[in-house]
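Here is a friendly walk through the side-chain contacts of one protein chain. Please have the sequence and the 3D view open as you read.

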Amino acid sequence: MKFKFKNGLIWVSVEIVYSGTKIKIENCILDTGSATTAFDIDCVNFDYSKPAKIKRLFGIGTGTQEVISQVVDKVTVDDKDVENQEIEFGDFSSKIGINGFIGNDVLKNFVLQIDYKSQIIAFI
């Protein structure tokens with residue numbers, strides 16, 4: 001799949017199935033430094049009645065944020081699926097437009113081949 005490389009980050013689109021609804025989430029970053037995957041809560045019609053856990057994310061430096069974690073039906077990246085994946089939802093809106101990040105909990109399911117020169121990433 002093609003990716004964008006801007007602000008020193010790899011930007012991809014992701015599709016999730018949340019409560020039976022397929023949702024495409026643009027402007028996500030590939031984040032090998034993150035243990036978990038998270039999306040901005042405004043990208044979905046959040047279901048507060050669905051079982052959830054409240055967690056605290058810790059970023060580099062002093063950044064922390066409480067998020068709500070729920071299992072989604074499916075996460076699809078480059079036509080490759082991870083089913084029944086726990087995802088964190090929070091307020092990730094930023095000045096550079098990040099809607100979410102794909103962390104190691106999803107990435108560990110794949111072999112990644114990244115061609116920076118051609119801006120192509122393969123999830124195998």
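A polar contact is a pair of N or O atoms within 3.5 Å; within protein, one must be able to donate a hydrogen and the other to accept it, and residues adjacent in sequence count only if both atoms are side-chain atoms. One such pair joins the backbone nitrogen of Gly33 to a polar atom of the Asp31 side chain, at 3.0 Å.

Before going further, a word on the model: it is predicted, so local features need pLDDT of at least 70 and side-chain atom pairs count only at pLDDT 80 or more, while totals for chains, interfaces and linings use all residues. Residues are numbered from 1 along each chain as its sequence is written, and side-chain values use heavy atoms, with hydrogens and water left out.

**Around Asp31**

Asp31 sits in the loop between strand 3 (21–30) and strand 4 (38–40); strands (E, at least two residues) and helices (H or I, at least four) are DSSP runs, numbered from the N terminus. With a relative accessibility of 24%, Asp31 counts as partly exposed. Here buried means under 20% relative accessible area, exposed over 50%, and partly exposed in between (1.4 Å probe, protein chains only). Leaving aside residues up to four places away in sequence, Asp31 touches Phe101, Ile102, Gly103, Asn104 and Leu107, where contact means heavy atoms within 4.5 Å. The C-alpha atoms of Asp31 and Gly103 are 5.2 Å apart, although 72 residues separate the two along the chain.

**Salt bridges**

Side chains of opposite charge can pair when their charged atoms come close. How many salt bridges does a search of the whole structure find? The search finds seven, each being a side-chain nitrogen of Lys or Arg within 4 Å of a carboxyl oxygen of Asp or Glu. Three of them are listed here.

| Salt bridge | N to O distance |
|---|---|
| Glu15 and Lys22 | 3.9 Å |
| Glu86 and Lys55 | 2.8 Å |
| Lys74 and Asp81 | 3.9 Å |

The pair of Glu86 and Lys55 links distant parts of the chain, 31 residues apart: Glu86 belongs to strand 7 (residues 80–90) and Lys55 to strand 5 (residues 53–58). Both also take part in a network of salt bridges with Lys53 and Glu88. Glu86 is partly exposed at 26%, and Lys55 is partly exposed at 28%. In the Glu15 pair, Lys22 is exposed with a relative accessible area of 60%, whereas Glu15 is partly exposed at 27%.

**Aromatic rings**

Rings of Phe, Tyr and Trp (its six-membered ring) pair if their centres lie within 6.5 Å; planes under 30 degrees apart count as stacked, over 60 as edge-to-face and the rest as tilted. By this rule there are seven aromatic pairs. Tyr18 and Phe46 have ring centres 6.2 Å apart and planes at 25°, so they are stacked. Tyr18 lies in strand 2 (residues 9–18) and Phe46 in the loop between strand 4 and strand 5, so their pairing ties together parts 28 residues apart in sequence. Both Tyr18 and Phe46 are buried. For Phe110 and Phe123, the centres are 5.5 Å apart and the planes stand at 85°, so this pair is edge-to-face. Phe110 is buried at 13%, and Phe123 is buried at 1%. Tyr18 and Phe46 also join Tyr48 and Phe89 in one aromatic cluster.
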